[in-house]
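Okay, thanks for making time, everyone. I'd like to walk through a few packing details, so let me put the structure up.

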Amino acid sequence: MAISLFELFKIGIGPSSSHTVGPMEAARRFASTLETEQLAPMVWRLKVSLYGSLGATGKGHGTGPAVLMGLEGERPDGIDPDTMQDRLERIRHSGTLSLGQRWPVRFREKTDLVYFRRKSLPEHPNGMICIAFDENGRSLLEKTYYSVGGGFVVDGNASGKLTIREDTTRLPYPFGSGRELLALCHEHDMTIAEIMFANEQVWRSPEQIRDGILELWQVMRACVQNGIAHEGELPGGLKVRRRAAALYRSLMDKQRVDLISPCLSALDWVNLYALAVNEENAAGGRIVTAPTNGAAGIIPAVLHYFVEFCPQANDDGVVRFMLTAAAIGVLFKENASISGAEVGCQGEVGSACAMAAAGLAAATGGSPEQVENAAEIGMEHHLGMTCDPIGGLVQIPCIERNAMASVKAIDAAIMALRGDGKHYVSLDKVLHTMRETGRDMLDKYKETARGGLAVNIIEC
């Protein structure tokens with residue numbers, strides 16, 4: 001299966017790629033199918049049912065609002081987050097939404113958006129069924145969708161089974177494992193970034209690839225700035241206070257920073273970058289899935305570290321970083337999972353840490369072997385991490401978890417760069433272990449808010 005960098009890194013909104021970005025895209029596809037099959041003018045009522053993790057934690061992850069916006073034809077990368085609340089109030093007040101922004105259709109959120117908290121569809125934990133009815137109550141169209149992590153959406157067929165439409169594009173340098181990727185680098189005397197760049201050219205020109213990567217970087221930078229600019233409490237009821245703005249002010253007070261520890265000041269900034277992004281994500285702001293929303297702060301934080309603290313940093317380094325991170329992300333997507341609902345948070349924060357570590361090692365001159373080693377170190381020390389969001393919100397422990405993983409990614413890159421690339425545990429072995437660990441993990445630790453911290457905090 002051919003996967004592009006621009007599928008792993010997508011511009012969207014918070015707080016969750018699998019619970020917000022994916023369901024919005026699924027709902028948009030459903031609305032588009034109704035239009036394509038000329039059924040939209042006949043639709044009288046819509047019903048959307050959410051299952052598994054979507055049903056269990058969808059309210060805390062903004063799934064309902066995302067579905068409504070998707071039915072109105074909005075794309076995750078195009079919607080203005082600042083307009084959503086007014087539009088949602090209009091739908092709730094009138095009991096009507098604008099299907100595909102053209103046809104008024106009845107929609108009562110309390111009865112037409114159903115959260116099945118303890119019922120799952122058989123093929124994947126993040127399932128949803130969309131049904132359109134005519135004025136006589138007859139079903140016009142029923143579709144099943146699965147949000148499989150990172151904003152990826154898979155259609156279900158009539159029986160509800162996954163219908164995976166693989167991209168069969170022939171790549172000049174196909175790879176399905178870390179071992180194959182390293183072999184390609186040796187055979188063709190290329191870096192991992194060069195391999196990925198060549199593969200990306202089956203979809204886009206070199207200029208489009210570079211410009212697209214730098215656009216993603218600009219969105220990441222803007223997200224950090226937005227996170228620094230906003231204060232107050234995050235939505236959702238936990239009363240979690242945003243910390244990025246206050247941390248930024250303290251870091252700008254150099255005397256105060258010096259009192260803490262001058263040698264640790266770079267890590268203070270890394271923490272700031274990650275906290276800012278994930279607070280924006282938790283507030284429903286514009287972010288880049290990297291590779292998921294729940295782990296969206298790690299790659300931007302480490303990229304900021306590279307740009308701000310590495311003397312050789314430039315735009316070429318940013319491009320190398322992102323291409324390399326994407327290559328590692330492809331391996332996780334194809335051989336394990338980036339979905340917290342499938343394998344726990346090791347699939348989100350763990351994957352992002354490995355991707356960021358590899359990207360930093362590559363951007364600072366690491367060999368392919370050192371890059372692979374950095375990714376392995378980053379993932380190895382997240383094995384078994386559960387996904388246990390308190391209240392079903394991407395706030396505790398998710399926000400701090402991104403800051404911790406960002407520091408781990410930098411340390412993983414440093415350790416790899418201090419070595420010669422030779423190491424005992426390969427990235428492929430860690431991927432295999434992560435997949436098996438996720439399979440063995442109890443469902444209550446997979447983004448259902450029914451285990452771990454989610455049930456052991458009195459305030460919830």
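Here's something to start on: at what angle do helix 16 and helix 17 pack, and how far apart are their axes? Keep in mind that this is a predicted model. So, the angle between helix 16 (residues 349-363) and helix 17 (residues 368-380) is about 155°, and their axes are 7 Å apart. Angles over 145 degrees count as roughly antiparallel, and therefore that's what we call helix 16 and helix 17. The crossing of helix 16 past helix 17 is right-handed.

Who's touching whom? On the helix 16 side you've got Gly-350, Ser-351, Cys-353, Ala-354, Ala-357, Ala-358, Ala-361 and Ala-362, and they meet Val-371, Ala-374, Ala-375, Gly-378 and Met-379 of helix 17. Sorted by class, that contact has 10 nonpolar residues, three polar and no charged ones.

Now the other helix pair. Helix 4 (residues 63-71) and helix 5 (residues 84-94) cross at roughly 80°, with axes coming within 11 Å. Helix 4 and helix 5 are therefore roughly perpendicular. Helix 4 brings Pro-65, Leu-68 and Met-69 to the contact, while helix 5 brings Met-84, Arg-87, Leu-88, Ile-91 and Arg-92. Here the split is six nonpolar, no polar and two charged.

Last stop, strand 1, residues 10-13. Both of its faces are covered: Lys-10 and Gly-12 are buried on one side, Ile-11 and Ile-13 on the other. And yes, that list has a buried lysine, Lys-10. Strand 1 runs antiparallel to strand 10 (residues 286-289), and four bridges join them. Across from Lys-10, in strand 10, you'll find Thr-289.

Notes:
Residues numbered from 1 in each chain as written. Predicted model: local features only at pLDDT ≥ 70, side-chain atom pairs only at ≥ 80, totals over all residues. Heavy atoms only, no water. Buried < 20%, exposed > 50% of the residue type's maximum accessible area, 1.4 Å probe, protein only. Helix = DSSP H or I, 4+ residues; strand = E, 2+ residues; numbered from the N terminus. Pairing = 2+ DSSP bridges. Axes fitted to C-alpha atoms, helices over the stretch in contact; angles between N-to-C directions. Parallel < 35°, antiparallel > 145°, perpendicular 65-115°, else oblique. Left-handed = near helix turned anticlockwise from the far one by under 90°. Contact = heavy atoms within 4.5 Å. Nonpolar A, V, L, I, M, F, W, Y, C, P; charged D, E, K, R; others polar.
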